[in-house]
Each structure stands twice: as structure tokens, then as C-alpha cells.
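Got your viewer open? Please load the model and get ready to click along, one stop at a time.

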Amino acid sequence: MNGEKLLKLVISFLIISQVLGFVFRNYIVCLYSNMILSVLITVLYFVSTKRVRFFHVIVLLTFLIEELIVFFTINEVIGFQMIGHIIAYFLLFYFLYYNHKSFKYNSRDVFTLVLGSSLYTLIFFMAYVSIKDQMGELYLLGFLNLLLLYILLIVGAMHYINIRSEKSLWFFLSMLNFAFSDFMLLLDKFYLQSQELKVLMLICEPLAVVFLVNYMITKSLTLKSEEFEGF
């Protein structure tokens, strides 16, 4: 077993460990699993990549610092989390520029995009309207947080449907998990506190960063062909 496979195995174990620690109220296990997990996901990039890119390192360190600073912040944790997410998501717009190819859609591609975008837009506005008043002074940060994710996920989906490469799939899956994680975070903090939402966050957030690492280390190969069109 090489280092990359071993790291992925340990990361999978830590994701399960932090969930079990939270479910059984062993918060020390949950806390340390989360901290080690954040570091190991960053290490995974260095072990897996054939060429370390400075911008990739900056993005991953931003997520790492944002994750770790929460453990040392006593007051207004949610505010620090939203600011950290906003900074990280702004950096991810570089990948939208980097991924861009001329759009070539057939009618089924357009239908898929319109349907998915419409459903996500509805969810976006319903979630924001539900939590806006409860956010108080943080509502602008919350709106910007959700708006950046909205654009990243929609354009990420556009790129995947247009290119259908493994690389574009990893980016889309990463944005999808970030969207799930952040929506659940804000709903849990400002609308309805739920143990189930917290458990899902513990799964989605690390998976989002793992998928982002997979995106970073995957070569740009276009897979779209006639036989796959419309799916």
C-alpha cells in the first residue's frame, strides 16, 4: 500500500471517527479527529500531486486555517466561519476561469441545466429567506457566503455538462458538498438546531475538500462524446 492509499484510508477512518465521536457525545474524539483530518487532507495533496502548484497550496491552507481557527475562537464562531468560507470561495473562482471551455450544449444539456439551476435557485432563496432575520448583523455575510456557493455550483455544473471530464466532475462534487455543508451550517445556527444536520456537516465538509484535492491532482481530459450526451 503506497502513501496515497494509506492517507485516504486514514482520512476515511477519521471521518467515521469524528461522526461516531459526535453521535456518542465523545467530543474530544470528535475534536481531535476533525483537527487531524484537516491537516491530513492538505498532506494528501502533497503526497498525490506530481507538481505542487503555489495557488493550490494557498487554497488548501486557507481551508485549513479557516477550519483550525474555529477551535481557538470562543465568541462569534459562526462569523469567523463565514468570513473564512467567503475568502476561500473567492479563491476558487480562479478554477472557474481555469476550467472554462467554449460551451457546446445539446437540447438535453440545456434541459438538465435549466432544471437543476431552477431547483437550486428555489432552494437558495427559500433557505436565505428562512434565516435572514435570525442572522441579524451577519445577514450580509450569510448572503455573500451563499451567493458565492450558488455561482460556483451552477458554473461548476455548466463546466461538467459541457466537458464531462473526471477533473470537472471532481470540482462539481466538491462544490456540491460545500453547498450542502454551508446550507446545513446556516440552517442549524439560525433556523433549527439539529443533530442530524451536524452529522451531515461532519461528512460533507471534509469530503468537499478531498474532492477538491482530487480535482487539483487530476489531469484535464475531455470525456464528452455522442454516447454520453444528455446524461
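What follows is a short walk through this predicted model, starting with the whole chain and then picking out single residues.

**Stop 1: the whole chain**

Show the chain as a cartoon and colour it by secondary structure. You'll find eight helices and zero strands. Follow the cartoon from the N terminus, and the elements read α-α-α-α-α-α-α-α.

Now zoom out until the chain fits on your screen. Along the principal axes, the C-alpha atoms fill a box of roughly 50 × 50 × 30 Å. Is that what a compact globule would give? Let the radius of gyration speak: a compact globule of 231 residues would come out near 17 Å, and the chain has 18 Å, so the two agree.

Next, turn on the surface. The accessible surface is about 12,700 Å², and carbon and sulfur atoms own 70% of that area. As for what is tucked away, buried residues make up 47% of the 231 residues.

If your viewer can draw contacts, try that too. Take the contacts with a separation of 6 or more: 77% of them link residues 24 or more positions apart.

One more whole-chain view: colour the charged side chains. There are 16 positive and 15 negative ones, and the centres of the two sets sit 10 Å apart.

**Stop 2: the first helix and its partner**

Select residues 3-23, which is helix H1, and then 27-48, which is helix H2. Which residues of H1 and H2 touch each other? Let's click on a few.

Start with Ser17, in helix H1. Ser17 is buried, because its relative accessibility is 14% and the limit for buried is under 20%. Setting aside neighbours within four places in sequence, Ser17 is in contact with Val29 and Ser33.

Now jump to Leu40, in helix H2. Leu40 counts as buried too, with 18% relative accessibility. Show the side chains around it: not counting residues up to four places away in sequence, Leu40 touches Leu7, Val10, Ile11 and Leu14. For a distance to draw, go from Leu40 to Lys8: the two are 32 residues apart in sequence, yet 8.9 Å apart in space, C-alpha to C-alpha.

**Stop 3: two loops with a twist**

Select Arg25, in the loop between helix H1 and helix H2. Check its backbone angles: phi is positive, about 60°, although Arg25 is not a glycine. Arg25 counts as exposed, at 57% relative accessibility.

Then go to Arg164, in the loop between helix H6 (139-163) and H7. Phi of Arg164 is positive as well, near 55°, and again the residue is something other than glycine. Buried or exposed, this time? Arg164 is buried, with 7% relative accessibility.

**Stop 4: looking across the chain**

Pick Ser12, found in helix H1. Ser12 is partly exposed, with a relative accessible area of 38%. Draw a line from Ser12 to Ile203: the pair is 191 residues apart in sequence and 9.9 Å apart in space, C-alpha to C-alpha.

Do something similar with Phe180, in helix H7, residues 166-190. Phe180 has a relative accessible area of 45%, which makes it partly exposed. Connect Phe180 to Ala208, and you'll cover 9.5 Å from C-alpha to C-alpha, with their positions 28 residues apart in sequence.

**Stop 5: the cysteines**

How many disulfides does a search of the whole structure find? The search finds zero. Select Cys30 to see this up close: Cys30 is in no disulfide, and the nearest cysteine sulfur, that of Cys204, is 15 Å away. Cys30 is buried, with a relative accessible area of 10%.

Swing over to Cys204 for the view from the other end. Why is there no bond here? The closest cysteine sulfur to that of Cys204 is in Cys30, 15 Å off, which is too far, because a disulfide needs the sulfur atoms within 2.5 Å. Cys204 also counts as buried, at 11% relative accessibility.

That's the end of the tour. To finish, go back to the cartoon and trace the eight helices once more from the N terminus.

Key:
Residues numbered from 1 in each chain as written. Predicted model: local features only at pLDDT ≥ 70, side-chain atom pairs only at ≥ 80, totals over all residues. Heavy atoms only, no water. Helix = DSSP H or I, 4+ residues; strand = E, 2+ residues; numbered from the N terminus. Rg over C-alpha atoms; globule rule 2.2 N^0.38 Å. Buried < 20%, exposed > 50% of the residue type's maximum accessible area, 1.4 Å probe, protein only. Contact = heavy atoms within 4.5 Å. Areas by Shrake-Rupley, 256 points an atom, 1.4 Å probe, with all protein chains shown as cover. Lys, Arg positive; Asp, Glu negative; His and termini not counted. Charge placed at Lys NZ, Arg CZ, Asp CG, Glu CD.
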